[in-house]
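Trainee: I'm new to this one. Could you show it to me and walk me through the terms as we go?

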Amino acid sequence: MRARLALLVAAVSVLTLIAFLVPLALLVRTVAEDRATVRATADAQSLVPVVGTADVATIRLTVEQLAAESGRPVSVFLPDGTVLGAQTPRTPAVALAARGQSLTGESAAGREVVIAVQGRADGTGVIRIAVPQHELTAGVTRAWLVLALLGVILVLIGLLVADRLARTLVRPISDLSAVSHRLANAELDARVTPAGPPELREVAGALNHLATRIQVLLVQEREQVADLSHQLRTPLTALRLEAESLRDPDDAARITAAADGLERAVTGLIRQARWRHAPAQPAASDAAAIVADRVAFWSVLAEDTGRAVTLDLTPGPLPVGVAADNLTAAVDALLGNVFAHTPDGTPFAVRLARAAGEAGEVVLTVADEGPGMPAGAIRRGASAAGSTGLGLDIARRAAQAAGGRLELRAGPQGGAQVLLRLGPPTSPNA
């Protein structure tokens with residue numbers, strides 16, 4: 001914007017100066033020519049009394065003195081054809097003056113002033129003074145240089161003023177842009193100080209109002225999620241009491257563990273909903289321990305539904321850059337999709353290993369022999385089986401948090417194959 005404003009001011013300044021300086025330059029040249037012509041005419045007029053009354057010798061002496069003083073060629077044409085002073089041929093202007101008409105005309109060397117002198121007994125004499133071109137343009141070049149320098153100075157002053165004015169516009173706009181980027185990076189306490197023209201101050205006020213409104217709505221949303229999550233504690237407590245009343249100790253322990261895990265997930269959801277700042281330390285967890293624990297949990301349901309489970313886990317620890325709660329939710333989402341979207345009795349396999357050629361990357365593969373997944377299933381909210389469509393999105397966000405990605409492929413024996421790539425924990429000083 002500053003460059004465009006400067007270009008605009010420069011263009012306007014140059015056009016304005018051209019409109020004024022070009023006529024002024026032409027006027028300077030005309031004045032110089034007229035000044036030289038007036039001086040030559042005055043010199044010629046001073047010879048009129050002498051040419052009209054004096055003898056030839058006196059006229060010659062006077063002409064030579066005037067030529068020496070003025071530095072111009074001076075000629076006197078007598079009626080008998082005698083030429084005194086500068087020996088120049090008769091020009092059309094001289095011929096016309098010999099008929100009694102004084103005039104000023106242009107010549108190849110500049111300008112000539114011819115004056116008819118009447119009153120001589122032998123006829124009309126003619127005085128001719130040539131004004132050379134350098135005298136006609138004396139001082140014009142210097143005046144033009146001064147005008148050009150003045151024009152350049154005015155343009156530079158205009159550019160300086162335009163730059164100062166542009167800064168008063170660009171600085172508030174830059175502040176608005178910086179605050180908008182901070183808001184985009186979840187710095188909801190960022191505000192801009194209104195400055196600049198009234199329109200920009202109004203935009204700054206609107207941006208501050210928008211940021212405040214976003215902050216209020218986000219707080220309300222977090223509180224609602226936290227309240228909703230907190231309400232789940234009551235049925236969880238009832239479920240734990242029911243589990244404790246079971247006669248089979250194994251069933252009671254299994255259901256109680258599941259209830260404890262669900263309560264931990266709810267507690268994490270509440271903490272995350274109220275979480276307003278980034279964690280001070282990078283997240284990390286052991287993928288081997290979490291995957292082994294979750295597969296053991298889902299193996300009970302797999303046995304009840306007649307599903308064969310193939311487990312291939314690389315011995316741990318396998319550190320990854322995602323929190324344990326998030327990784328647990330991602331693994332549960334992937335395994336839960338197998339039970340939700342494949343018929344009973346469908347076998348599936350879980351494999352956890354380090355990625356080949358990727359330093360520290362861990363790959364979790366969940367493959368089944370079911371009907372497969374439709375295209376676009378990773379998109380948040382997309383589901384072809386009546387579910388919420390958030391399971392794969394939870395896994396995708398967990399992979400992204402660890403610097404990895406989620407891949408959906410067709411299995412080698414049909415069905416779906418989901419790869420969860422997880423990067424290693426990042427250093428606190430990275």
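Mentor: Sure, terms first: helices (H or I, at least four residues) and strands (E, at least two) are DSSP runs, numbered from the N terminus. This is a predicted model, where local features need pLDDT of at least 70, side-chain atom pairs count only at pLDDT 80 or more, and totals for chains, interfaces and linings use all residues. Residues are numbered from 1 along each chain as its sequence is written, and side-chain values use heavy atoms, with hydrogens and water left out.

Trainee: Where does arginine 294 lie?

Mentor: Arginine 294 is part of helix H9, residues 287–304.

Trainee: Why does arginine 294 count as buried?

Mentor: Buried means under 20% relative accessible area, exposed over 50%, partly exposed in between (1.4 Å probe, protein chains only). Arginine 294 has 13% relative accessibility, so it counts as buried.

Trainee: What is arginine 294 in contact with, leaving aside its neighbours within four places in sequence?

Mentor: Contact means heavy atoms within 4.5 Å. Arginine 294 touches Thr328, Val331, Asp332 and Leu335 in that sense.

Trainee: And the sheet: in what order do its strands come?

Mentor: The open sheet has 5 strands, ordered S2-S1-S5-S4-S3, with antiparallel pairing.

Trainee: What makes S2 and S3 edge strands?

Mentor: Strand S2 (83–85) and strand S3 (103–107) each pair on one side only.

Trainee: How do you know that S3 pairs with S4?

Mentor: Two strands pair if DSSP finds at least two bridges between them. Antiparallel S3 and S4 (residues 110–120) are joined by 5 bridges, so they meet that cut-off. In this pairing, leucine 103 sits opposite valine 114 of S4.
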